[in-house]
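Please open the structure in your viewer and keep the sequence panel visible. Each stop of this tour gives a selection and then describes what is found there.

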Amino acid sequence: MTEAHEHRIPYFVNGEKQDSPTEASTVRIILDRAAFTPPESYTLSVDRTKQVFTNADSVVMIENGEHFTATFTGITAAS
């Protein structure tokens, strides 16, 4: 009997390894999985292409070993 192994695609967000069960995901899902919340307070850029996603519902294609950068764009509390 053979076990079915789910194929997962490894990728990195700000240097931290993540993985996805699909080649397409949304910015929201990628940021949520990497604990960058709320996703509306971040942009996501693809390091290889320099493409920047500002809409959390944009679809992103994930290549094996892809590197992304999450950048905070939200409001910070005044001190």
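Begin by selecting Thr73, in the segment after strand 7. The model is predicted, and in it Thr73 has a relative accessibility of 46%. Is this residue buried, exposed or partly exposed? Buried would require under 20% and exposed over 50%, so Thr73 counts as partly exposed. Keep Thr73 displayed and add Glu40, Ser41, Tyr42 and Thr43; these are its contacts once neighbours within four places in sequence are left aside. Next, add Phe53, which is 20 residues from Thr73 in sequence; the C-alpha atoms of the two are 12 Å apart in space.

Now select strand 7 (residues 66-72) together with strand 4 (residues 42-46). These two strands run antiparallel and are joined by five bridges. One pair to display is Leu44 with Ala70, its bridge partner in strand 7.

Widen the view to the sheet. In general, strands of a sheet pair through backbone hydrogen bonds, either parallel or antiparallel. Here five strands form an open sheet with mixed pairing, and their order is 2-1-7-4-5. Which strands stand at the edges? They are strand 2 (16-20) and strand 5 (52-53); each has a single partner strand, so one side of each is left without a neighbour in the sheet.

Move to strand 2 and add strand 1 (residues 9-13), to which it is joined by five bridges in an antiparallel arrangement. Ile9 has Ser20 of strand 2 as its bridge partner. The two strands form a hairpin, with two residues between them. Select Asn14 in the turn, where phi is positive, at about 50°.

From the turn, step back to Val13. Apart from neighbours within four places in sequence, Val13 is in contact with Gln18, Ile30, Ala34, Phe36, Phe68 and Ala70. Val13 also belongs to the largest nonpolar core, a group of 16 residues. Display Val13, Ile30, Leu31, Phe36 and Phe68 together, as these have the most contacts inside that core. At least two core residues come from each of strand 1, helix 1 (27-33), strand 4 and strand 7.

The last stop is Ser25, in strand 3 (residues 24-26). Ser25 has a relative accessibility of 6%, and therefore counts as buried, whereas Thr73 counts as partly exposed. Beyond residues up to four places away in sequence, Ser25 touches Ile30, Arg33, Ser58, Val59, Val60 and Ile62.

Key
Residues are numbered from 1 along each chain as its sequence is written. This is a predicted model: local features need pLDDT of at least 70, side-chain atom pairs count only at pLDDT 80 or more; totals for chains, interfaces and linings use all residues. Side-chain values use heavy atoms; hydrogens and water are left out. Two strands pair if DSSP finds at least two bridges between them. Helices (H or I, at least four residues) and strands (E, at least two) are DSSP runs, numbered from the N terminus. Buried means under 20% relative accessible area, exposed over 50%, partly exposed in between (1.4 Å probe, protein chains only). Contact means heavy atoms within 4.5 Å. A nonpolar core is a set of buried Ala, Val, Leu, Ile, Met, Phe, Trp, Tyr and Cys residues joined through side-chain atoms within 4.5 Å.
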